[in-house]
Amino acid sequence: MFFMSNTRTNDEWLHDLRASGEVQEAAMADLRTLLLRAVLYLFSRNLGDFRGLPRDEILQRAEDCTQDALIAVMNHLSDFRGDSKFSTWAYKFAVNIALMTSRRERWKGVSLDQSSLSDDSNLFEWKMQDKSPELAPDQSAMQGEVGEIIREVIEHDLTEKQRQILIMMVFQEIPMDEVVLRLGTNRNAIYKMLHDARRKLKSSLQARGFEVGETLSLFST
Amino acid sequence: MEQKRFESWLKNIYETQDEEISCTECFDLVSRFVDLEISGEDAVAIMPQLKQHLDQCRACRDEYEILSGLARWENDDESPSSDDLRDLIH
């Protein structure tokens with residue numbers, strides 16, 4: 001069954017949501033329907049994150065996320081600049097909240113292997129994996145050199161915090177929101193740490209003569 | 001680390017810019033980017049920094065992909081009802 005629920009223009013959305021009484025109630029009910037749809041769509045795609053949870057409980061989580069998204073949208077109405085459809089703008093609050101919820105569910109209770117944070121021996125295995133029998137010796141040596149530069153930068157040039165975040169996100173593949181939660185920080189701070197780490201890695205590789213095309217072709221399969 | 005993943009990380013390293021936008025700025029701009037794409041405009045040319053952030057940030061990219069799907073449905077008037085979506089959760 002398909003239907004149209006979003007027949008308001010951007011201005012009408014803003015006007016109705018800022019109105020009072022029945023007009024506002026009707027607009028909020030329509031907005032709620034829109035947000036619930038976004039949450040349910042995301043949950044239905046990420047059902048694996050909710051393994052073991054009964055259906056009723058998943059649906060309840062969806063209602064909770066929708067309520068949180070509704071509050072977020074109402075609190076941010078003045079931020080809407082009208083440079084997209086109102087529905088697209090509103091959806092992103094629901095997507096953000098629902099995705100964080102489903103990731104949290106997946107990672108809840110997973111203890112991170114702290115030992116691998118201090119034991120670097122397993123971190124640089126790509127060098128071994130990448131060596132194929134038909135690889136020319138000089139190419140293999142250059143691969144080794146790239147790996148060595150990366151290892152040196154990670155071990156000596158990054159701050160402790162940058163190293164910890166890089167290992168968690170790039171090597172252990174822990175989602176950003178989970179890193180945020182466990183380190184008690186926020187996405188912007190994590191992104192900045194990773195950005196700074198990438199800049200150091202890039203400039204070190206370039207300083208040693210490894211430019212982009214040549215380096216990528218060394219490793220491409 | 002698997003080879004494919006390493007390659008993609010190496011690519012990310014080389015595509016690093018001195019100045020990159022934050023996740024908050026990305027969240028602020030992504031709805032415009034999605035709607036530009038849907039309307040057939042060259043969103044990447046218009047908002048290169050947003051695209052650069054999406055290429056570097058898995059968390060923001062995941063949100064962008066879902067948002068894009070939802071906005072396309074909305075644009076085509078083909079959004080399924082909440083009941084239809086509830087049926088997919090079992």
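What follows is a chat about how some labels for this predicted model are earned.

Trainee: What makes chain B more spread out than a compact globule?

Mentor: Set the value against the rule. For 90 residues the globule rule gives 12 Å, and the radius of gyration of chain B is 16 Å, well over that, so chain B is more spread out than a compact globule. Its C-alpha atoms fill a box of roughly 45 × 35 × 20 Å along the principal axes.

Trainee: And what is chain B built from, in secondary structure terms?

Mentor: Helices: there are 6 of them and 0 strands. Along the sequence the pattern reads α-α-α-α-α-α.

Trainee: How many of chain B's residues are buried, as a percentage?

Mentor: Buried residues come to 34% of the 90 in chain B. A residue needs 20 or more other C-beta atoms within 10 Å of its own to get that label. As for contacts in chain B between residues at least 6 apart in sequence, 62% join residues at least 24 apart.

Trainee: Why are Met176(A) and Val179(A) called buried?

Mentor: The same cut-off of 20 C-beta atoms within 10 Å decides it. The buried residues of H9(A) are Met176(A), Asp177(A), Glu178(A) and Val179(A), so each of these four meets that cut-off. The cover over them includes H4, H8 and H10 of chain A, plus helix H5 (58-75) of chain B. Just after H9(A), Gly184(A) takes a positive phi of about 60°.

Trainee: How many residues does each chain put into the contact?

Mentor: Chain A gives 52 residues and chain B gives 43. On the chain A side, H2(A) supplies the largest share, 9 residues. That side divides into 27 nonpolar, 13 polar and 12 charged residues.

Trainee: What makes the largest nonpolar core a single core?

Mentor: Its members are buried nonpolar residues joined through C-beta atoms within 7 Å, so they count as one set. Here that set has 68 residues, and those with the most contacts inside it are Leu35(A), Ala38(A), Val39(A), Ala94(A) and Ala98(A). H4(A) gives the largest share, 11 residues. The core draws at least three residues from each of domain 1 (10-107) and domain 2 (115-219) of chain A.

Trainee: Which residues is Ala98(A) in contact with, leaving aside its neighbours within four places in sequence?

Mentor: Ala98(A) is in contact with Ala38(A), Val39(A), Leu42(A), Phe43(A) and Cys65(A). Contact here asks for C-beta atoms within 7 Å, so each of those five passes that test against Ala98(A).

Note on methods: Residues are numbered from 1 along each chain as its sequence is written. Chains are lettered from A and ligands numbered from 1 in the order in which they are written. This is a predicted model: local features need pLDDT of at least 70, side-chain atom pairs count only at pLDDT 80 or more; totals for chains, interfaces and linings use all residues. Helices (H or I, at least four residues) and strands (E, at least two) are DSSP runs, numbered from the N terminus. The radius of gyration is taken over C-alpha atoms; the globule rule is 2.2 Å times the number of residues to the power 0.38. A residue is buried if 20 or more other C-beta atoms lie within 10 Å of its own, exposed if 12 or fewer, and partly exposed in between; C-beta atoms are placed from the backbone. Two residues are in contact if their C-beta atoms, placed from the backbone, lie within 7 Å. Ala, Val, Leu, Ile, Met, Phe, Trp, Tyr, Cys and Pro count as nonpolar, Asp, Glu, Lys and Arg as charged, and the others, Gly among them, as polar. Domain bounds come from an automatic or database domain assignment.
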